[in-house]
Amino acid sequence: MYECMFLLDNTVVREDWKKAKAVISDAVLKHGGNVVTSRRWDERRLAYPIKNKNRATFVLCHLDMAGSKLPELRRELELSERILRYLILAVDEIPATEHELSTAENADGFAVPPPPSDDVVEPEPVINTPESLEDILAEGEMDDRPRGRRSERASAEVAP
Amino acid sequence: MSRDRRAPLPPIAGRNCDDAWPEYKDLENLKRFLNGSAQIYSRKRTGFCSQCQKALKQAVKRARHIGLLPFVG
């Protein structure tokens with residue numbers, strides 16, 4: 001028995017909650033597992049951006065699957081773009097409250113509140129614009145000029 | 001002249017080893033054992049036994065992995 005916490009991309013959750021949950025269950029079923037309970041744990045701001053997202057929906061699941069199939073599932077979860085991150089832990093038993101909460105969520109009439117839209121990390125503004133080839137060449141020519149103060153150079157030219 | 005030293009802070013009370021171990025989902029409880037930079041307090045400060053402190057460490061690291069707590073505060 002495994003307890004799993006998945007971080008789902010909020011764009012997928014906004015489209016359709018059932019489809020978002022199906023992303024997890026499809027991956028588990030593909031590798032011969034069974035999703036015993038599955039519920040939305042929370043939607044919150046992340047402590048640090050993960051895959052350029054500031055917010056994510058946390059889904060708590062309990063799986064029943066063979067341990068030998070776990071590496072394959074992990075690989076699939078790593079490759080998925082809709083699952084930002086996951087945590088799989090081995091547990092002895094499922095807490096009784098999880099069954100109730102999971103069935104309550106799967107019942108008709110349950111609506112998941114849509115997540116807020118500030119989940120995309122804005123890229124930092126680029127300060128140093130890339131120099132063109134002409135600028136670099138012009139800088140090279142500048143280096144060839146005689147160094148020193150202008151007055152010294154002028155006097156050196158005049159003296160002879 | 002000897003340098004003045006502050007008295008050590010008392011251990012964070014409110015838990016004994018018979019209670020359930022700290023869990024990564026229980027953020028409010030975990031935050032009691034972290035400083036302002038989200039660093040784990042020492043055993044001297046938390047007042048935990050060896051096993052409970054290890055469970056706390058594991059829980060905080062799991063919470064960091066799934067983005068509930070920062071790696072650097």
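Let me begin with G67(B), a residue that follows helix 3 of chain B and has a positive phi, near 80 degrees. Helices here are DSSP runs of H or I with at least four residues, strands are runs of E with at least two, and both are numbered from the N terminus.

A word on the source. This is a predicted model, in which local features need pLDDT of at least 70 and side-chain atom pairs count only at pLDDT 80 or more, while totals for chains, interfaces and linings use all residues. Residues are numbered from 1 along each chain as its sequence is written, and chains are lettered from A and ligands numbered from 1 in the order in which they are written.

Helix 3 of chain B covers residues 50–65. Its 16 residues should span 22 Å at 1.5 Å a residue, the expected span being 1.5 Å times one less than the number of residues. The end C-alpha atoms lie 23 Å apart, which agrees.

Which residues of helix 3 of chain B are buried? They are L56(B), A59(B), V60(B) and A63(B); buried means 20 or more other C-beta atoms within 10 Å of a residue's own, exposed means 12 or fewer, and the C-beta atoms are placed from the backbone. Seen down the axis, the buried residues fall within an arc of 100 degrees, so they line one face of the helix. On the other side of helix 3 of chain B, S50(B) and Q51(B) are exposed.

Turning to chain A, there are 6 helices and 4 strands, in the order β-α-α-β-β-α-β-α-α-α along the sequence. Of its 160 residues, 20% count as buried.

Notes:
The arc is that of the directions from the helix axis to the C-beta atoms.
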